[in-house]
Amino acid sequence: MSAQIKNRSALQEILKGSLIATLLSILFVLVFALLARLFSLSSNVIPVVNQIIKVVSVFIAVMLAVKTPSAGYLKGLAIGLGFVVLSTLIFCLLGGEFNFGGILIDLAISCVVGLIAGIIAVNRKK
């Protein structure tokens, strides 16, 4: 029974983290779109800022969601993966465009950031 509770807790942390990362990403993208519109930013800046938004969203989400001090790297990795799946679905529905090459890059970056953030999250002092 104890293993079942641990598995449920880990799954809840992963789902919570994936949702937080996705919501943060949407919020940051909306704020950036407003700033880009107000200040007429160059189109060369947009891809860089989008990657920064994804990295920051995943990092913050992992730090907020991972609470139990075990397997932080796996939870962070799973949160990064969950974020890519959710954000790809949402942004494809909104934008109507699917870029497979971009998804692979997002997957690699989000999983690495999630993994590193998961290690930090379980080792930080409370």
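The largest pocket of the predicted model has a volume of about 690 Å³. Its lining consists of 23 residues, among which N50, K54, S87, F91 and D106 are the closest to the pocket centre. The elements contributing two or more residues to this lining are α1 (2-39), α2, α3 (72-95) and α4. In general terms, empty space of this kind is revealed by rolling a probe the size of a water molecule over the atoms.

D106, one of the residues closest to the centre of the largest pocket, is located in helix α4. With a relative accessibility of 14%, D106 is classed as buried, because this value falls under the 20% limit. When residues up to four places away in sequence are set aside, D106 touches Q51, K54 and V84. Of these partners, K54 is also listed among the residues closest to the pocket centre.

A second buried position is S25, which lies in helix α1. The relative accessible area of S25 is 3%, so this residue likewise counts as buried under the 20% limit. Beyond its neighbours within four places in sequence, S25 is in contact with I53, S57, F83 and F91. F91 is in turn one of the residues closest to the centre of the largest pocket.

The overall architecture is helical. Four helices and zero strands are assigned, and the order along the sequence is α-α-α-α. Along the principal axes, the C-alpha atoms fill a box of roughly 55 × 30 × 20 Å. The protein comprises 126 residues, of which 32% are buried. Contacts between residues at least 6 apart in sequence are made up to 82% of pairs at least 24 apart. The accessible surface of the protein amounts to about 7900 Å², and carbon and sulfur atoms account for 74% of this area.

Part of the surface is occupied by a nonpolar patch. The patch is formed by V48, I52, V56, F59, I60, L64, V112, I116 and I120, which together have about 700 Å² of accessible area. Two elements, α2 (45-65) and α4 (100-123), each supply at least two of the patch residues. Helix α2 provides the largest share, with six residues. One member of the patch, L64, is situated in helix α2. The relative accessible area of L64 is 44%, and L64 is therefore partly exposed. Helices α2 and α4 thus appear in the nonpolar patch as well as in the lining of the largest pocket.

Two loop residues were examined for their backbone geometry. Most residues other than glycine have a negative phi. S40, although not a glycine, has a positive phi of about 50°. This residue is found in the loop between α1 and α2. The relative accessibility of S40 is 61%, so S40 counts as exposed. A71, also a residue other than glycine, has a positive phi near 55°. The position of A71 is in the loop between α2 and α3. At 36% relative accessibility, A71 is classed as partly exposed, because that category covers values between the 20% and 50% limits.

Methods. Residues numbered from 1 in each chain as written. Predicted model: local features only at pLDDT ≥ 70, side-chain atom pairs only at ≥ 80, totals over all residues. Heavy atoms only, no water. Patch = residues over 30% accessible without salt bridge, like charges linked within 9 Å, V, L, I, M, F, W, Y side chains within 5 Å. Areas by Shrake-Rupley, 256 points an atom, 1.4 Å probe, with all protein chains shown as cover. Salt bridge = Lys/Arg side-chain N within 4 Å of Asp/Glu carboxyl O. Buried < 20%, exposed > 50% of the residue type's maximum accessible area, 1.4 Å probe, protein only. Contact = heavy atoms within 4.5 Å. 1 Å grid on protein atoms, 1.4 Å probe; cavity = no way out; pocket = protein on both sides within 12 Å on 5 of 7 lines; lining within 4 Å. Points joined across faces, edges and corners; volume = space filled by probe spheres on them.
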